[in-house]
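User: I would like to learn how to read the backbone and contact features of a model. Could you take me through them one at a time?

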Amino acid sequence: MEENKSILITTSPHLHEGSSTRSIMLAVTICLLPAGIWGVVVFGLRALAVVLTAIVASVLTEAVISRVLKRNTLPDCSAILTGLLVGYNMPPSVPLFIPAVASVFAIAVVKMTFGGLGRNWMNPALAGRVFVTFSWTGPMTTWLLPKTWGGADAATGASVLGFIKAGLIDGSGGAQGPAQFLALGNYPHSPFDLRLTQWLNTGLFGGRLEAGYVDLFVGSIPGCIGEVSALLLLLGSIYLFARKIITWEIPVTYLATFSVLVWVFGGLRFESGFFHGDVLFHLFSGGLMLGALYMATDMVTSPLTSKGMIIFGVGAGFLTFLIRFYGSFPEGVSLAIILMNMFVPLINRLTKPVKFGYLKEARQ
Amino acid sequence: MKNAKTFPRGGVHPPDFKSYTREEAIRNAPVPAEAVIPMSQHMGSPAECLVQPGDDVHEGMLIGRATGPFSASVHSSVPGKVKEIKEIYLPNGIKSQAVVIAVEGEFNRADGDPAAWQQMSKEELLTRIREMGIVGLGGATFPTPLKYSIREGRKVESFVINGVECEPFLTADHRLMLEKSEEILTGIRIVARILEPEQVLIGIEENKPDAVEVLARAVENAGLDYQVVPLKLKYPQGDEKQLLKSLIGREVPSGGLPLDIGAVVSNVGTAFAVYEAFIKNKPLVERVVTVSGSALAEPANLKVRVGTPVSDLVEDCGGFKESPVKIISGGPMMGFALADLDAPVTKGTSGILVLSRKEAGRAVETNCLSCGRCLRACPMGLQPVNLYKYIDHLRYEDALAEGLMDCKECGCCSYVCPAHIPLVQGMKLGKLMTRKKKA
C-alpha cells in the first residue's frame with residue numbers, strides 16, 4: 001500500500017480519553033478568571049498589575065530555565081497557572097517586586113529544582129506566597145479597602161480576620177461571635193450588604209442575620225486579590241467538578257472538618273461556649289475557598305487515592321482551624337496546605353489500594 | 001436494566017464506536033488468492049508444520065500438529081497447493097513460521113453427524129475439540145481443550161459464556177449472538193457435557209439489548225436453565241477476571257485461573273467454533289472479524305478464512321475513505337498496530353480497524369502530574385504510574401513486588417493519563433525484561 005509511510009505504530013491502547021496536562025491547566029486557569037476579574041473590580045487596576053506581574057515573572061522564569069535545560073515545558077501552561085495563583089494570593093497594594101519574587105521562588109526553587117511540573121512536593125504558588133509573607137510581612141498584611149465600601153480611593157485597613165485576631169488580644173468585649181465583634185468595633189460594611197441583609201431579614205432570616213455576611217460571600221472585603229469572592233470561586237469550581245479535574249474528596253473533607261471544628265470550638269474565643277462557633281463566617285473569610293477548591297486540590301501535591309485525599313483534606317481542615325484560632329496568624333490556609341503537602345508521600349504509602357485477587361477467600 | 005451488574009473498581013467508559021457495524025449482517029469475505037497460515041496462532045508453543053512446498057492441501061486439512069497441551073493444531077482454510085513456507089511477523093511482533101497456500105480446486109468439506117456428540121464420552125468430546133484446533137476466540141487464544149480438561153477432584157460451579165465484547169468498534173460477537181444464537185447454545189451444551197457445571201451464565205453488556213433478548217428467547221425455546229445476565233457498560237468487563245467479579249462476585253486469585261474459584265469462561269465465538277466442529281465437522285479455519293474505523297469506506301462484519309491478508313478485507317470494504325493514521329489488529333484498547341496490510345487474519349483476530357487522526361491522534365507526553373487517575377482506572381487495583389517509574393528506573397524486582405504480573409495490559413491507565421505517558425508500553429517492557437532475566 002502506498003500510504004504506509006504515514007502509518008503510526010504504537011503500543012495499545014490506541015484511544016485516549018482526550019484530556020492533557022495543558023487542557024487541565026487551562027481549564028483551572030479559566031475557572032479562576034471570574035474571581036480575579038472581581039478582584040480587579042473591587043480593588044482597581046492596581047490588582048491587575050499585581051496579577052500580571054506574577055504571571056509574567058512566572059512564565060519568564062520557566063522560559064529561562066527551559067532554555068538552560070534545553071527542554072521546553074512552557075506549552076503545558078502550568079507556569080501561567082502558577083503565576084495566576086501567586087497573583088491571587090497577593091494583597092492588591094503590594095509593591096510589584098513582591099509578586100515577582102514570589103513567582104521566581106515558586107518556579108525556580110519550588111518547582112524546577114525538583115525536576116519540574118509533577119515532581120515538586122509542595123504547591124509552588126503557596127510556597128511562593130509564604131516565602132514573601134515571611135520576608136515582607138508589612139506589605140503582605142496591608143489591605144486595600146474594597147471600592148464597594150464607597151470610601152476614599154487607596155485607603156487601607158484591617159482584613160476581617162486580622163481585625164478579629166488583633167482585637168481578641170484584648171478580650172472579646174462581650175461579643176457572642178465574630179460578626180458581633182466586628183459590629184462592636186465599628187467594622188465597615190458595604191451599602192449593598194446592609195440593604196441585602198435588611199431585605200433578607202424581613203423574609204427568610206427573620207432578623208437573625210447580622211451585617212457582614214453578604215460582603216464576605218460576595219467578596220466586598222479587604223483581602224488577597226483572588227480569594228475574596230467565595231461566590232465566584234464556588235461557581236468556577238462547578239466546571240472543574242463536572243470535568244472531574246477536581247474530585248469531591250479534598251474540598252468536602254477539608255471544608256467539613258474545618259466547619260465541624262469551628263462549630264464545636266469556635267465559640268470559646270467569645271463568651272458563647274462549645275457548639276456555638278460561627279461556621280458561615282469562617283467558611284467565607286480569608287483564603288479558605290481558594291485554598292480548598294483550587295490549591296489543596298493541586299494534583300501534583302495531593303495524594304493519589306480517594307482514601308488518601310480524605311486523610312489529606314481532614315488534615316488540612318484541622319491545621320487551618322488550629323492556625324486560625326490558636327496561632328499567631330489570622331489566616332492559616334496556605335500554611336495548612338503546604339504542611340499537608342509534606343505528608344503526601346507518607347499518605348500515599350499508607351493508602352495503597354488493595355490489589356485485585358489478593359483478598360483472602362474468607363474476607364469476601 | 002437498572003440492576004445490571006458490573007465490577008466495582010476501576011474501568012473506563014470509552015465511546016463504543018459500534019454504530020459503524022452494529023447493523024451490518026455477517027457476510028462472507030472473499031476467498032484470498034493466497035492464504036498465509038501461521039503455525040503460531042495461539043498462546044503457547046507453535047504447531048509443527050506437516051506440509052512442504054508443492055504439497056496439495058484441501059480445505060480443513062491438518063497442516064500443523066499441536067506440540068503439546070499448550071499448543072493447538074492448525075488446519076488449512078482453503079484448498080490449493082503449498083507455495084512456500086516462510087517466516088512472517090505476527091501483529092504482536094512475534095516471528096512465526098507460515099504456510100503460503102495458492103488457492104485452487106474445490107471447497108468440498110462434508111458436514112458431520114449433528115447428533116453424534118450426544119453419544120460421545122467426555123474424553124471423545126475433548127479429543128474432537130483438540131483435533132479441530134480450537135482456541136479461545138476472545139483474544140487470548142488460550143488452547144480450549146486445555147481449559148476444559150478439569151483435573152480429578154475439581155468441580156466447575158459456573159460455566160460463563162463471555163458475550164461482553166467490551167472493546168470499542170468490535171461487533172463480531174454481537175452479530176454472532178444475533179444471527180447464530182441456537183448454534184451458540186448447541187456449542188454451550190456440548191461443552192457443558194464435558195464440564196458438568198452447576199450453572200451456566202451468559203454475560204452480555206447492556207449496549208446489546210437485542211442480543212440479550214435473542215439469547216434469552218433461544219434459551220427459553222430450548223428449555224435450558226442457562227441465565228442470560230445483562231451487565232452495565234464498562235471496559236474491561238470482557239476480561240475474564242472482571243467478568244467473573246461482575247457475575248459471581250468473586251476474585252480470581254493473583255496468578256491463578258478462573259477454575260480456582262470454580263469457574264470456566266469461554267467466548268461466544270468459541271462456543272460457535274465448538275458447534276461447527278461437531279455439527280459441521282469443521283476445524284477452526286474461519287472466524288468473524290469486524291472491519292471498521294472512520295477511515296474505512298464501508299465497515300462490515302466479515303466471516304474470514306484464516307490466512308486472508310488484511311489488504312483483501314480492506315479492499316472488500318471499499319478501501320480507504322481517507323488516509324489512515326493507524327491500522328489495528330484487534331480492538332483499539334488492546335489490539336496491535338500493524339506496519340503493513342500484508343499481515344494475515346489469524347484465529348485471534350477479532351477486528352481490523354482503520355483509524356483516522358481524530359481517533360488515533362496523540363498529544364505530547366509531559367511529566368506525571370500525580371493526578372492518580374491511573375490508580376482509579378486500574379481494574380486490578382495496581383498503581384500503574386509507580387510500576388512505570390520502577391520499570392523506567394530498571395527496578396524490575398520492585399515492579400514485580402508491586403504486582404506487575406497482575407497487569408493484563410487492558411489500557412485503562414494509558415487511556416485516562418492526562419500526561420500521555422505510555423504506561424502500558426512500560427508494563428509490556430517490564431514483563432519482557434523480567435522474562436528475559438529469568439531465562
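## Reading the fold of chain B

Analyst: Among contacts in chain B between residues at least 6 apart in sequence, 73% join residues at least 24 apart, where two residues are in contact if their C-beta atoms, placed from the backbone, lie within 7 Å. This is a predicted model, in which local features need pLDDT of at least 70 and side-chain atom pairs count only at pLDDT 80 or more, while totals for chains, interfaces and linings use all residues. Residues are numbered from 1 along each chain as its sequence is written, and chains are lettered from A and ligands numbered from 1 in the order in which they are written.

User: How many helices and strands does chain B have, and what does its radius of gyration say about how compact it is?

Analyst: Helices (H or I, at least four residues) and strands (E, at least two) are DSSP runs, numbered from the N terminus, and chain B has 14 helices and 17 strands. Its radius of gyration, taken over C-alpha atoms, is compared with the globule rule, which is 2.2 Å times the number of residues to the power 0.38. For the 439 residues of chain B the rule gives 22 Å and the model has 21 Å, so the chain is as compact as a globular protein of that length. The C-alpha trace of chain B spans about 60 × 45 × 45 Å along its principal axes.

User: Which domains is chain B divided into, and how many residues does each give to the contact?

Analyst: Domain bounds come from an automatic or database domain assignment, and here they give domain 1 (18-22 + 112-279) and domain 2 (373-438) of chain B. Their centres, taken over C-alpha atoms, are 30 Å apart, and the contact takes 6 residues from domain 1 and 6 residues from domain 2.

User: How many residues of chain B are in contact with chain A, and of which classes are they?

Analyst: On the side of chain B there are 56 residues in contact with 37 residues of chain A. Among the elements of chain B that give two or more residues to this side are strand 15 (326-329), helix 13 (412-416) and helix 14 (423-438). For the classes, Ala, Val, Leu, Ile, Met, Phe, Trp, Tyr, Cys and Pro count as nonpolar, Asp, Glu, Lys and Arg as charged, and the others, Gly among them, as polar; by that scheme the side of chain B has 32 nonpolar, 15 polar and 9 charged residues.

User: Which sign does phi have in most residues other than glycine, and which form do most peptide bonds take?

Analyst: Most residues other than glycine have a negative phi, and most peptide bonds are trans. Phe169(B), however, has a positive phi of about 75° and lies in the loop between strand 9 (158-162) and helix 3 (172-179) of chain B. A residue is buried if 20 or more other C-beta atoms, placed from the backbone, lie within 10 Å of its own, exposed if 12 or fewer, and partly exposed in between; Phe169(B) is buried because 34 other C-beta atoms lie within 10 Å. Glu196(B), with a positive phi near 45°, is exposed because 11 other C-beta atoms lie within that distance. As for peptide bonds, the one joining Tyr235(B) and Pro236(B) is cis, with omega about 0°, and Pro236(B) lies in the loop between strand 11 (227-231) and helix 6 (240-248) of chain B.
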